[in-house]
Amino acid sequence: MGSSSSDSGGDKAPDLVGDRFIHQMSPKAGSAATWGGGITVKVVTGEQRAFYDKHKKMPKVVGWNDTKAGDLFKPVQPTVKITMKASTSVPAGEYRVVAQAPKAGAKLKVGQTIKIVMGYNPGPATTGNGDVNVDVDAKNGESKFCAKRWWC
């Protein structure tokens, strides 16, 4: 980002604060702040800035497993909102990205929210020793015994 100069005297205002970079502020540089109006400064870390420098556009992550997607978005984790959704299109026992916003190829703005829908397929229920639990109702996933009783 470098430094920016204000219109009042040409003083240089550094955009680096520790390992954080100012990416947005209000009122804008050179504007007068009103009494009691407040000043807002949004910053990103050096790691976050490097992510946005590398990823000017949203990558296509649909189909990625949770580990690969998690590794990619680790620097900007606070801006990533993940929703879980059961999906039979995902292999049993796995987690995969089934939807994303912004769409692949869309321009990324520093600090913007990234939405990921992580599909999961719990697969067949097991008894703990690897055997399929034959007492599971495939329609609603509950034990046939518990489906008929409120206390299970």
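A polar contact here is a pair of N or O atoms within 3.5 Å.

**View 1. The start of helix α2, with N65 and T67 up close.** In this predicted model, a side-chain oxygen of N65 comes to within 3.1 Å of the backbone nitrogen of T67, right where α2 begins. The helix itself covers residues 66-73.

**View 2. The two faces of α2, buried and exposed.** On the buried side sit A69, L72 and F73. Their arc around the axis is only 85°, so they end up on the same side of α2. Flip to the face turned away from them and you find T67 and D71, both exposed. The buried residues, for their part, pack against α1, β6 (80-86), β7 (95-101) and β8.

**View 3. F73 and its contacts in space.** Skip the neighbours within four places in sequence, and F73 still has F51, M58, V61, V80, I114 and I116 in contact. F73 also belongs to the largest nonpolar core, a set of 15 residues, where V61, F73, I114 and I116 touch the most other members. At least two residues of this core come from each of α1 (46-54), α2 and β8 (114-120). As a rule of thumb, nonpolar side chains in soluble globular proteins tend to be buried together.

**View 4. G70, a partly exposed residue of α2.** G70 has a relative accessible area of 37%, which falls between the 20% limit for buried and the 50% limit for exposed, so G70 counts as partly exposed. From G70 to V80 is 9.7 Å, C-alpha to C-alpha, with the two residues 10 apart in sequence.

Note on methods:
Residues are numbered from 1 along each chain as its sequence is written. This is a predicted model: local features need pLDDT of at least 70, side-chain atom pairs count only at pLDDT 80 or more; totals for chains, interfaces and linings use all residues. Side-chain values use heavy atoms; hydrogens and water are left out. Helices (H or I, at least four residues) and strands (E, at least two) are DSSP runs, numbered from the N terminus. Buried means under 20% relative accessible area, exposed over 50%, partly exposed in between (1.4 Å probe, protein chains only). A nonpolar core is a set of buried Ala, Val, Leu, Ile, Met, Phe, Trp, Tyr and Cys residues joined through side-chain atoms within 4.5 Å. Contact means heavy atoms within 4.5 Å. The arc is that of the directions from the helix axis to the C-beta atoms. A polar contact is a pair of N or O atoms within 3.5 Å; within protein, one must be able to donate a hydrogen and the other to accept it, and residues adjacent in sequence count only if both atoms are side-chain atoms.
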